[in-house]
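Student: I would like a close look at one part of this model. Please take me through a single helix and what surrounds it.

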Amino acid sequence: MLSEEEVKHIAKLARIRLTDEEIKKFSTQLTDILEYVKILEEVDTKDVEPTSQVTGLKDVTREDVVVSNLATGEDLLKCSPLPIQNNQIKVKPVIKQ
Amino acid sequence: MDLTNLTLKEASEGLKSKKFSSVDLTKAYFERIKKVDKNLHAYVLQTEEQALKDAENADKVLAKNEGSTLTGIPCALKDIFNTKGVRTTCCSKILENFVPPYDATIVKKLKESGVVFLGKTNMDEFACGGSTEYSCFGPTSNPWDINRVAGGSSGGSAAAVASDMAVFALGTDTGGSIREPASFCGCTGLKVTYGRVSRSGVTALASSWDTIGTFAKTVEDAATILQVIAGHDDLDSTTPDKPVPDYLKNIDKGVKGLKIGIPKEYFGEGIDAGVHEVVMAAVKEYEKMGAEIIEVSLPMTKYAVSVYYVTMPAELSANLARFDGIRYGRKPQDEGGDLLDYYLSARGEGFSDEIKRRIMIGTYVLSAGYYDAYYKKAQKVRTLIIKDFEAAFKKVDVLISPVAPIPAWKIGEKMNNPLSIYLADALTIPINAAGVPAMSIPAGFVKGDDSDLPVGIQIIGPQFSEELLFQVGCAYQKVTDWHNKRSSKI
């Protein structure tokens, strides 16, 4: 069972504000999902390697040079809903005064 | 002549022989969209002005007897593909005003081949869902019964192709998001091998599961489209540098002597009797065509949904961390006093329930103390699922199964029970787990209360065997006409 306290904690880690009503609803729904996936416990996975890539590719590397010419920095800054100052996005203060 | 019920092949031949122009074709499609889409809501954005300009340009190319098979062909894109200068929302409020500054690789490839984009299609928010009900624009209806879902997450693309509102449409498939809606709406839906098509410029969901594919009117059309979009891309390091075969080369070879496996776990409990009947009738058809039918077992099948709902949300929670209302998308109404407040509001207001659920599941299973029990365990079980498929493909060439255990459900019916929607993907998720390709093709109908509902079969092959899937699918479409059926209700 995922308690309402736990839901609040996870929501904060995930940077999502929830209403009290949502906390209640998600506590039940997330518990249902986590209960359901418990079925995995019955599988014997001793000596089984976890999968991280399915087609066998490994260590795909390239030269460390900028090649992307898809968009300019200016184009990307235009996507922000916040004010732009000196080519940077101006965000809310991180540390309260 | 009705221009909108032509296949890609027929439309392309008509353009090349100057029976009609791309402008004629494009106009016919917009007329069709205006007539039909008010009932279906497959499109979330129509780009008519640009489309007509592109059609005029295509006609200039065609007039010189130049261009490709796709030149001048009107098609649609799921609203998850970045399109330069054209709003791309992932059907999420958090991206409601996002206009990408660049094209996804496959959008670029399609543009270079001369297609005409009609617009962007509806989907579950960030492609999370199986019914397109989780779209911030509202659901897409099924062309066969507008009170039912089109399937999802690529429901808009499926409904558009199945109701002749596009010659073809692109979608994405992470756990069934192309095959399930293709089955529900009655069109051909191809999910490729993991890495076969570049995902650069396509919003990531679960990076070790995501694939891109197409909805088409026939298997042959799907092969033609894959020919254009497949291949290595420097911008997507998961695309192997493997040659792209000629997908049409063996398409007429038939299935004589091929071994077709019937995975018994895909026909068990929970499968609708009508769906079962349709799939077995198709298997009989293959037997008649000379294929050898062999029962096989994929014993790990029942664990796939659980593997998915641990690893998929984990990867999703990491991928969607970038949506914070700072670099893209919308500013929250309640900006708050500091940065943390701003993040909490931007994401709390911008994501709807299903995304919040999945991000929180992902955050939970990746958090300290739970990682080994959930994420690592799931990735180990995933290895066993892959081994199941490897063993099966030692015995048979392809597998045939149902796509979804049930046909399209009523809009709203499952909204309060997210787990029941997850289970609709039980027969498509294992395929993504193993990274193998699969295709859904129309194979018949089951009785709904108001209307007959389409049912597809799923053809599954080993990694990079798309050529074989086309061969097997095309053989069926030569002896049946399920793929030509259209709803008379719209």
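Tutor: Start with the setting. This is a predicted model. Chain B holds 15 helices and 13 strands. Its C-alpha atoms fill a box of roughly 65 × 55 × 50 Å along the principal axes. The radius of gyration of chain B is 21 Å, which agrees with the value near 23 Å for a compact globule of 490 residues. Buried residues account for 61% of the 490 in chain B. Take the contacts in chain B with a separation of 6 or more: 77% of them join residues 24 or more positions apart.

Now the part to look at: helix α11 of chain B, residues 353-366. Begin at E354(B), which sits in this helix. Around E354(B) there are 19 other C-beta atoms within 10 Å. A residue needs 20 or more to be buried, so E354(B) is partly exposed. Leave out its neighbours within four places in sequence. E354(B) is then in contact with E125(B), C128(B), G129(B), Y134(B) and P418(B). Take C128(B) from that list. In sequence, C128(B) and E354(B) are 226 residues apart. In space, their C-alpha atoms are 7.2 Å apart.

Next, follow α11(B) to its partner in chain A. That partner is α2(A), and the two helices pack with their axes 11 Å apart, at an angle of about 60°. An angle of about 60° is below the 65 to 115 range for roughly perpendicular and not under 35, so α2(A) is oblique to α11(B). The crossing of α2(A) past α11(B) is right-handed.

Which residues meet there? From α2(A) come F26(A), Q29(A), L30(A) and I33(A). From α11(B) come R357(B), M360(B) and I361(B). By class, this contact has 5 nonpolar residues, 1 polar and 1 charged.

Finally, step back to the whole interface. Here 42 residues of chain A are in contact with 57 residues of chain B. On the chain A side, α1 (4-13), α2 (20-37) and α3 (73-78) each supply at least two residues. The most comes from α2(A), with 7 residues. By class, the side of chain A that touches chain B divides into 29 nonpolar, 6 polar and 7 charged residues.

To place the helix, then: α11(B) carries E354(B), which is in contact with C128(B) and P418(B), among others, within chain B. The helix also offers R357(B), M360(B) and I361(B) to α2(A).

How values were computed:
Residues are numbered from 1 along each chain as its sequence is written. Chains are lettered from A and ligands numbered from 1 in the order in which they are written. This is a predicted model: local features need pLDDT of at least 70, side-chain atom pairs count only at pLDDT 80 or more; totals for chains, interfaces and linings use all residues. Two residues are in contact if their C-beta atoms, placed from the backbone, lie within 7 Å. Helices (H or I, at least four residues) and strands (E, at least two) are DSSP runs, numbered from the N terminus. Ala, Val, Leu, Ile, Met, Phe, Trp, Tyr, Cys and Pro count as nonpolar, Asp, Glu, Lys and Arg as charged, and the others, Gly among them, as polar. Axes are lines fitted to C-alpha atoms, for helices over the stretch in contact, and angles run from 0 to 180 degrees between N-to-C directions. Angles under 35 degrees count as roughly parallel, over 145 as roughly antiparallel, 65 to 115 as roughly perpendicular and the rest as oblique. A crossing is left-handed if the near helix is turned anticlockwise from the far one by less than a right angle, and right-handed if clockwise. The radius of gyration is taken over C-alpha atoms; the globule rule is 2.2 Å times the number of residues to the power 0.38. A residue is buried if 20 or more other C-beta atoms lie within 10 Å of its own, exposed if 12 or fewer, and partly exposed in between; C-beta atoms are placed from the backbone.
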